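Trainee: I have a structure open and want to learn to read it. Can we go feature by feature?

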Amino acid sequence: MEAGTTSTTLTAKLPILNPGEYDLWLMRIEQYFLMTDYSLWEVILNGNKVLKRKIREVEQEYEPTTAEEKQDRRNEMKARGTLLMALPNKDQLKFHSYKDAKLLMEAIEKRYGGNKESKKVFKALYKCNHRRCFRFKNTQQ
């Protein structure tokens with residue numbers, strides 16, 4: 001570095017997924033990947049290039065040999081590792097078996113994202129508890 005120049009580094013805190021806040025986490029994790037390395041977010045969205053060759057009419061995976069293939073492999077491993085680190089400690093073992101970042105993200109979405117009906121029920125219960133509403137207790141008696 002030359003004298004008189006300053007260097008700034010951009011660091012962002014990895015957002016940890018809290019149960020019930022999947023939508024907010026998804027927005028934050030996307031921003032995290034876009035700020036740190038956009039190619040990792042592309043791997044999560046599109047999946048990684050699978051290295052397969054056809055040998056005697058059977059497709060077999062092979063180790064990366066070119067620099068581009070090695071970089072693709074590194075991006076896949078880095079994206080998967082970052083997603084695993086963004087999970088709560090108690091849930092990391094549940095998702096560790098997924099070897100593909102895209103499949104891992106889909107599994108996280110299924111586990112924490114829920115469907116539209118469950119989101120409506122969750123929001124209604126949250127609003128009710130937030131307002132200290134006791135409608136559900138009164139109807140059960």
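Mentor: We will take the overall layout, then helix packing, then charges and a few residues.

Mentor: Start with the ground rules. This is a predicted model, where local features need pLDDT of at least 70, side-chain atom pairs count only at pLDDT 80 or more, and totals for chains, interfaces and linings use all residues. Residues are numbered from 1 along each chain as its sequence is written, and side-chain values use heavy atoms, with hydrogens and water left out.

Trainee: How many helices and strands does the chain have?

Mentor: Helices (H or I, at least four residues) and strands (E, at least two) are DSSP runs, numbered from the N terminus. Here there are seven helices and two strands. Along the sequence they run α-α-β-β-α-α-α-α-α.

Trainee: What share of the chain is buried?

Mentor: First the cut-offs. Buried means under 20% relative accessible area, exposed means over 50%, and partly exposed lies in between, with a 1.4 Å probe and protein chains only. The chain has 141 residues, and 27% of them are buried.

Trainee: And what share of the contacts joins residues 24 or more positions apart?

Mentor: A contact means heavy atoms within 4.5 Å. Take the contacts with a separation of 6 or more: residues 24 or more positions apart account for 47% of them.

Trainee: How do I describe two packed helices?

Mentor: Use the angle between their axes and the distance between the axes. Axes are lines fitted to C-alpha atoms, for helices over the stretch in contact, and angles run from 0 to 180 degrees between N-to-C directions. Under 35 degrees counts as roughly parallel, over 145 as roughly antiparallel, 65 to 115 as roughly perpendicular, and the rest as oblique.

Trainee: At what angle do α1 and α2 pack?

Mentor: Helix α1 (residues 22–36) packs with α2 at about 130°, with the axes 5 Å apart. The pair is therefore oblique. On the α1 side, L26, I29, E30, F33, L34 and T36 take part, and they meet Y38, L40, W41 and I44 in α2.

Trainee: How far apart are the axes of α2 and α5?

Mentor: They are 6 Å apart, and the angle is about 70° between helix α2 (residues 38–46) and helix α5 (residues 101–113). So these two are roughly perpendicular. W41, V43, I44, L45 and N46 of α2 make the contact with A101, K102 and M105 of α5.

Trainee: Which helix does α2 cross at roughly 85°?

Mentor: That is α3, and the two axes come within 9 Å. Again, α2 is therefore roughly perpendicular to its partner α3. S39, L40, V43 and I44 of α2 meet N75, E76, K78, A79 and L83 of α3.

Trainee: Now charges. What lets side chains of opposite charge pair?

Mentor: They can pair when their charged atoms come close. A salt bridge here is a side-chain nitrogen of Lys or Arg within 4 Å of a carboxyl oxygen of Asp or Glu. The count comes to one salt bridge. K94 forms it with D91, and the closest N and O atoms are 3.2 Å apart. D91 is buried, because its relative accessible area is 2%.

Trainee: How far is E76 from the nearest side chain of opposite charge?

Mentor: Lys and Arg count as positive, Asp and Glu as negative; His and the chain ends are not counted. R80 is that nearest side chain, 6.2 Å away, and E76 is buried yet has no salt bridge. E76 sits in helix α3 (residues 67–85). Leaving out residues up to four places away in sequence, E76 touches V43, N48, K99, D100 and A101.

Trainee: Is Y22 buried or exposed?

Mentor: Y22 counts as buried because its relative accessibility is 6%. Y22 lies in helix α1. Beyond four places in sequence, Y22 touches L17, M105, I108, E109, Y112 and G113.

Trainee: How do I read a pair that is distant in sequence?

Mentor: Compare the sequence gap with the C-alpha distance. Y22 and I108 are 86 residues apart in sequence and 8.9 Å apart in space. E109 and Y22 are 87 residues apart in sequence, with 7.7 Å between C-alpha atoms. E109 lies in helix α5. E109 is partly exposed, because its relative accessible area is 43%.

Trainee: And which residues does R111 contact?

Mentor: K94 and F95, leaving aside neighbours of R111 within four places in sequence. R111 is in helix α5. R111 is partly exposed, at 47% relative accessible area.
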